[in-house]
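Please read the following account with the sequence and the coordinates side by side. It moves from the overall arrangement to progressively more local features.

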Amino acid sequence: MATINENFLNLKESYLFSETAARIKAFEEKNPSPKVIRMGIGDVTLPLSAAVVEAMENACHQMGQQSTFRGYGPEQGYEFLRLAIVEYYSRRKVLLDTSEIFISDGAKSDIGNITDIFSNDNIIMIPDPVYPVYVDSNIMLGRKIEYIDANADNGFLPLPDSRHADIVYLCSPNNPTGAVYNKDQLALWVSYALKNDAVLLFDAAYECFIRSDSLPHSIYEIPGAEKCAIEFCSFSKTAGFTGTRCGYTVIPKALTRKSKTGSDISLNKLWLRRQTTKFNGVPYIVQRGAAAVFSEEGQKQVKKSIDYYLENARIIGETLKKCGIAYFGGESSPYIFLECPNNMPSWEFFDYLLDKAAVAGTPGAGFGNNGEGFFRLTAFSTRENTIEAMNRIANLFA
Ligand code: PLP
């Protein structure tokens, strides 16, 4: 008899986005006007940049010619893309080798799959509130999770405490809170990991939103991180690849952990073995598009798109300030995590804002217990919709 992985039964019903969608739909049916403005979306609205499209078109053409056709590519990704990423990191004085970079079909897959190379008896530390993939991928394996509180008191940037953990998930700039760790704070986590022989899983999916020179884009800007951290990154929010799918994972050669027999095992080697067994690479056409992001033209174009979203975030922040509503994020991040006015619970505020202003966001409680009382707005709408939504919020609270 086939038995199931019972751990799946311990997953909480992932009802956050289905529930918000259902409430919006019911509201729209009763109230056809004004149009509901969706400020909860985590997807980008701007299209792929011209440099990316041109590179993809050229690659498409190559795939249709006998002399330049390519079949299966290297599981780890084409050298041309890995070289472009190495060069990108070197701009911040992070020196990597192409063998330390793994091209993926997006950060979500690698963040979910990285659990394969760690044993089930690891203690996992996860901030609360959090991007739900970290929690669910560990629940699926029945692993013990220790939550670490992110809250208004620590600016949603929890630091190590006296508890021991073997694996720690960090996300900066953070989804959902928009908070960004500085170098000193990350140095505390690196030092914790080195002391505890722990591994940091650092999610840098939003690094390209960082505009302040002093904030770290990569965990490897912290000395010693190459011995204790794996970094995940994505072209989704950087360059509009949410539908095209491309990301990368960095596992330094210096990152080793002991096997039960006491040998030093390279995590890079384990992940390479995992990927060559279970993954067959990202399409050549997509990788050519991703490489174009790092060209001079590509960099200018993606910066323009990110500037557009950051200006939306600034407009949201300005409105909230005018209304006297406290919030986190919104700088160096597309996410704004606001304190629900009048101590409203976050689902109640969702209904209130929908009902009174026809604006939809995401209740913070959906990201963890500490998200209760908070509400996430994103900067991924169009400028027009962002301004209109903020006018409605200002009319309600200012
Ligand atoms: N990490 C965080 C924190 C995210 O918010 C997201 C997407 O929303 C991802 C990873 C996944 O990105 P990708 O589209 O590359 O799978």
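The paragraphs below take up the domains, then their interface, then one helix and one loop residue.

The model shown here is predicted, and the protein is divided into two parts, domain 1, which combines residues 6-47 with residues 297-397, and domain 2, which covers residues 53-295. The C-alpha centres of domain 1 and domain 2 lie 26 Å apart, and the contact between them draws on 32 residues from domain 1 and 41 residues from domain 2.

The interface can be described by its area and by its polar pairs. The size of an interface is often given as the accessible area lost when the parts come together. For domain 1 and domain 2 the buried area is about 2,900 Å², and carbon and sulfur atoms give 61% of it. Between the two domains the count is 1 salt bridge; Arg211 forms a salt bridge with Asp307, and the closest N and O atoms of this pair are 2.7 Å apart. Across the interface of domain 1 and domain 2, 16 residue pairs are found in polar contact, with both residues at pLDDT 80 or more. On the side of domain 1 that touches domain 2, helix 10, strand 11 (327-329), strand 12 (335-339) and strand 15 each supply at least two residues, and helix 10 gives the most, with 9 residues.

Helix 12 comes next. This helix runs over residues 383-397, and because its 15 residues at 1.5 Å a residue should span 21 Å, the separation of 21 Å between its end C-alpha atoms agrees with expectation. Which residues of helix 12 are buried? They are Thr386, Ala389, Met390, Arg392, Ile393, Ala394 and Phe397. An α-helix has 3.6 residues a turn, so residues three or four places apart point the same way. The cover over the buried residues of helix 12 includes strand 1 (37-38), helix 10 (296-323), helix 11 (346-357), strand 13 (359-360) and strand 15 (374-378).

The last stop is Ala179, which is found in the loop between strand 5 (167-171) and helix 6 (183-196). Is this loop residue, Ala179, buried or exposed? Ala179 counts as buried because its relative accessibility is 6%, and the cut-off for buried is under 20%. Leaving aside residues up to four places away in sequence, Ala179 touches Gly155, Phe156, Leu157, Ser172, Pro173, Asn174 and Gly329. The C-alpha atoms of Ala179 and His217 are separated by 13 Å, the two residues being 38 residues apart along the chain.

Conventions. Residues are numbered from 1 along each chain as its sequence is written. This is a predicted model: local features need pLDDT of at least 70, side-chain atom pairs count only at pLDDT 80 or more; totals for chains, interfaces and linings use all residues. Side-chain values use heavy atoms; hydrogens and water are left out. Helices (H or I, at least four residues) and strands (E, at least two) are DSSP runs, numbered from the N terminus. Buried means under 20% relative accessible area, exposed over 50%, partly exposed in between (1.4 Å probe, protein chains only). Contact means heavy atoms within 4.5 Å. The expected span of a helix is 1.5 Å times one less than its number of residues. Domain bounds come from an automatic or database domain assignment. Buried area is the accessible area (1.4 Å probe) that two parts lose on being put together, summed over both. A salt bridge is a side-chain nitrogen of Lys or Arg within 4 Å of a carboxyl oxygen of Asp or Glu. A polar contact is a pair of N or O atoms within 3.5 Å; within protein, one must be able to donate a hydrogen and the other to accept it, and residues adjacent in sequence count only if both atoms are side-chain atoms.
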